[in-house]
Amino acid sequence: MKRFIPLALLLLLCIPLRGEKKKEIQRPVVPVPEVVPQIIPIETDHTQLILRPTPKGLLETLYYGARIGEPQVFLKQYRGRGSRSGAGPLAFPVAGGITPPDAALSVAYADGSCNTELYYTGHTQTQDEAGVVTTVISLKDYVTLLEVRLVYEAYRQEDVIAVHTEIRNGGKKAVTLQEYASAALLLSAERYLLTSFHGDWAKEMQMERTLLPYGRHTIESRNGTQATQPANPAFLLSLDTDRFSETEGRVIAGALEWSGNFSLRFTRDPSGDLTVIGGIHAAAAAYPLKPGEVFETPRMLQTFSNAGAGQASRNLHRWARKWNIYRAPDINPTLLNSWEGAYFQFNTQTLLGMIDDAAGMGLELFVLDDGWFGTKYPRNNSRQGLGDWEVNAEKLPEGIDSLASYAHGKGLKFGIWIEPEMVSPRSRLAEEHPDWVVRSAGREIPESRNQWVLDLSNPAVQDFVFGVFARTMALSDKIDYVKWDCNRPVYSFGSDYLGTQQTRFYVAYVQGFYKIVRRIRERYPDVILQCCASGGARVDYGALRYFNEVWTSDNTDALERVRIQYGTGLIYPACVQGSHVSAVPNHQTGNVTPLKFRLDVAAAGRLGMELQPRNLTEAEQALCRRCIESYKQYRDIVFAGDLYRLASPYEGDACALLFVSEDRSRAVLFSYSLGFRSRAMRDRTVRLQGLDAARHYRVRELNTDKSCWWGDGGIYEADYLMGNGMDLKQYKMYDSAIFLLEAQP
Ligand code: GLA
């Protein structure tokens with residue numbers, strides 16, 4: 001009896017349990033069709049990315065790296081051993097199904113569920129006239145009817161693959177995208193050395209190295225407008241090493257084409273494999289998608305090199321010059337910008353004098369920076385006037401056209417500064433259109449640099465901003481260049497226009513910005529556009545599709561610039577880097593550097609000047625003339641050549657950069673000394689790379705009468721220059737040299 005009671009109780013307890021379980025099992029499961037496994041190769045001249053759907057329809061990444069040849073061999077490879085899914089790493093991990101280490105896509109459905117499972121339904125591969133092969137892989141969730149298209153564009157010659165995703169709500173109810181990254185990169189190595197770029201105002205693109213730990217490492221920006229200030233949406237990954245090498249080993253480089261909040265997440269799972277997920281930052285940006293609506297992510301670029309970071313950078317540079325940067329590698333003109341030379345204190349006479357001096361030094365463009373506009377609230381300081389883009393007639397009674405005509409008369413192009421996304425609280429625009437300002441109901445609007453941001457998600461504001469551009473261009477038919485600035489971030493936001501859909505803001509802002517600049521390009525295809533955001537706070541491959549160049553940094557101290565330009569050059573080519581010679585003591589750092597050093601540093605990008613030339617002595621003006629003239633002889637190599645980084649300012653007190661023309665007939669070497677340690681220092685040896693080993697080169701130092709190399713003017717075998725190298729006498733801090741190399745017939 002004692003035994004009987006508990007047994008009966010147990011049976012009684014089990015009845016409802018078993019009943020429930022039965023109910024669960026009986027829920028109908030939506031069938032997923034079987035798939036015939038096949039290889040999907042995405043190929044460039046030297047790399048292959050191999051994907052494959054499993055029989056269950058899961059899309060796995062089998063390989064990314066140097067070409068193996070016939071991709072069918074991968075059918076034999078079985079990556080899924082021991083994995084929870086029975087598949088290899090998923091090409092596009094989503095939140096749902098088997099748990100991936102990180103999810104590129106996460107969706108909340110109308111019934112409250114958050115489970116997405118994507119299965120392969122088919123793919124296409126097409127080649128366009130330019131030779132770009134586009135692979136579109138379609139995936140579907142059979143329960144929620146969400147559809148995803150993964151789009152891979154393979155740029156064969158440059159070894160770059162651009163990946164983006166199109167997400168379609170195929171269901172009958174609205175859904176919310178909680179995560180909507182562009183791409184996932186799955187890698188398998190013993191070690192991963194990450195190179196990334198953090199920054200701040202006047203301190204952009206500071207290179208940083210991290211040996212990735214297990215777990216997650218994130219690079220991100222939530223600055224809104226000035227997205228690339230705290231970090232740049234780009235990286236290099238050296239595989240199987242903890243040592244960064246320019247010339248050896250497997251390196252993957254990646255970059256996101258997006259000018260807004262982003263995240264790049266590097267997750268090393270317990271097996272040691274790495275998932276890299278890159279895309280728009282979804283924080284405060286859950287994105288609602290109506291039935292039938294499609295969301296298209298920006299593109300994530302990836303390239304692979306078997307020969308170190310140098311080749312990975314060159315792949316990106318070559319790709320960008322051919323396919324991305326607006327009109328690259330057209331030569332953008334040398335210029336004098338009025339900002340650091342005059343700030344807000346100028347009148348017509350000041351500017352005419354600057355134009356005269358710019359012409360006298362052989363510069364090709366004069367740019368009138370901030371301070372030319374505002375009538376009710378004249379822009380005589382940074383506290384007012386943004387938004388009121390009419391000429392300040394008190395300052396410039398003859399108007400813009402007369403200045404532009406004067407510049408043209410002197411053989412110079414003419415450029416002008418605008419900051420059309422912004423508005424000063426003290427402006428007519430803010431008085432007339434408070435509803436256009438980014439603001440949150442019931443709260444004070446935060447100011448930064450005494451200004452507010454206009455709500456670019458609003459089509460009326462987009463029209464206004466386009467109108468600002470058009471009206472500025474109409475001030476004269478001789479405006480050749482516009483510097484587009486953006487001097488504050490958006491940390492907190494609110495849009496009168498978006499109503500209850502506030503979380504669309506961050507995405508809608510960037511889309512609005514792109515709509516405007518696209519429209520500008522349709523109407524003004526020839527104007528040279530500089531992308532500036534308090535210096536380099538908007539340096540990304542999304543903006544560069546519309547802009548010819550960037551203002552690399554407000555920090556014009558040549559010593560700091562060496563590091564900033566070096567970091568920028570790891571991802572972006574020199575042809576976009578605006579680089580100016582400014583006065584000493586430097587206005588940002590107080591540092592005093594020799595004029596020759598400043599000129600030689602500026603010459604490794606698009607050279608310009610940003611000072612009051614009247615403050616230069618005759619001898620200094622003569623040196624500027626000489627350097628600018630010689631720059632014109634070799635700048636085509638800086639603009640269109642391949643960059644070899646020979647010595648890093650992050651690793652020692654020297655920096656050396658070599659640009660080699662595509663046909664390897666010419667090259668230009670920049671060498672900078674950044675420190676002085678001792679009188680007993682040995683000569684600095686710079687070993688060149690990338691020359692044509694079969695050729696001889698004449699080597700000439702430019703802009704000096706006393707070369708720092710004993711071999712100056714001679715002709716040498718490429719092997720000697722690359723093997724033995726050039727032992728330069730550059731001992732003192734700020735010694736600098738530029739050598740031109742010309743292959744002999
Ligand atoms: C920003 C830019 C500068 C200059 C000023 C003008 O800081 O980066 O180059 O144009 O604005 O206000």
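**View 1. W709 and W710 form a tilted pair of rings.** In this predicted model, W709 is buried, with a relative accessible area of 3%. Its partner W710 has a relative accessibility of 56%, so W710 counts as exposed. Look for the two ring centres, which lie 5.3 Å apart. The ring planes meet at 50°, and that is why the pair is called tilted. A pair of aromatic rings is described by two things, the distance of the centres and the angle of the planes.

**View 2. F373 and W389 make another tilted pair.** Across the structure there are 43 aromatic pairs. Here the ring centres of F373 and W389 are 4.2 Å apart, with the planes at 35°. Both F373 and W389 sit in the loop between strand 22 (365–368) and helix 5 (399–409), and 16 residues separate them. Are these two residues buried or exposed? F373 is buried, at a relative accessible area of 0%. W389 also counts as buried, because its relative accessibility of 7% is under the 20% cut-off.

**View 3. A cluster of aromatic residues is joined by ring pairs.** Follow the rings of W258, F469, W484, F513, Y514, Y524, Y546 and F547, which ring pairs link into a cluster. While you are at Y514, find R545, which lies over the face of this ring at 5.0 Å from the ring centre. You can look for a similar arrangement at W551: R561 lies over its face, 4.7 Å from the ring centre.

**View 4. Helix 7 packs with helix 8.** Helix 7 covers residues 459–473, and helix 8 covers residues 505–523. Their axes are 10 Å apart and make an angle of about 35°. How does helix 7 pass helix 8, in a right-handed or a left-handed crossing? The crossing is right-handed. On the helix 7 side, the contact is made by Q462, D463, V465, F466, F469 and A470. Helix 8 contributes G512, K515, I516, R519, I520 and R523. Sorted by type, the residues of this contact are six nonpolar, two polar and four charged. You have already met F469 of helix 7 in the aromatic cluster.

**View 5. N586 is buried in a loop.** The loop that holds N586 runs between strand 29 (577–582) and helix 10 (595–602). With a relative accessible area of 5%, N586 falls under the 20% cut-off, so this residue is buried. Which residues does N586 touch, not counting those up to four places away in sequence? They are N555, T556, D557 and N591.

Conventions:
Residues numbered from 1 in each chain as written. Predicted model: local features only at pLDDT ≥ 70, side-chain atom pairs only at ≥ 80, totals over all residues. Heavy atoms only, no water. Axes fitted to C-alpha atoms, helices over the stretch in contact; angles between N-to-C directions. Helix = DSSP H or I, 4+ residues; strand = E, 2+ residues; numbered from the N terminus. Left-handed = near helix turned anticlockwise from the far one by under 90°. Contact = heavy atoms within 4.5 Å. Nonpolar A, V, L, I, M, F, W, Y, C, P; charged D, E, K, R; others polar. Phe/Tyr/Trp six-rings, centres within 6.5 Å; stacked < 30°, edge-to-face > 60°. Buried < 20%, exposed > 50% of the residue type's maximum accessible area, 1.4 Å probe, protein only. Lys NZ or Arg CZ within 6 Å of the ring centre and 35° of its normal.
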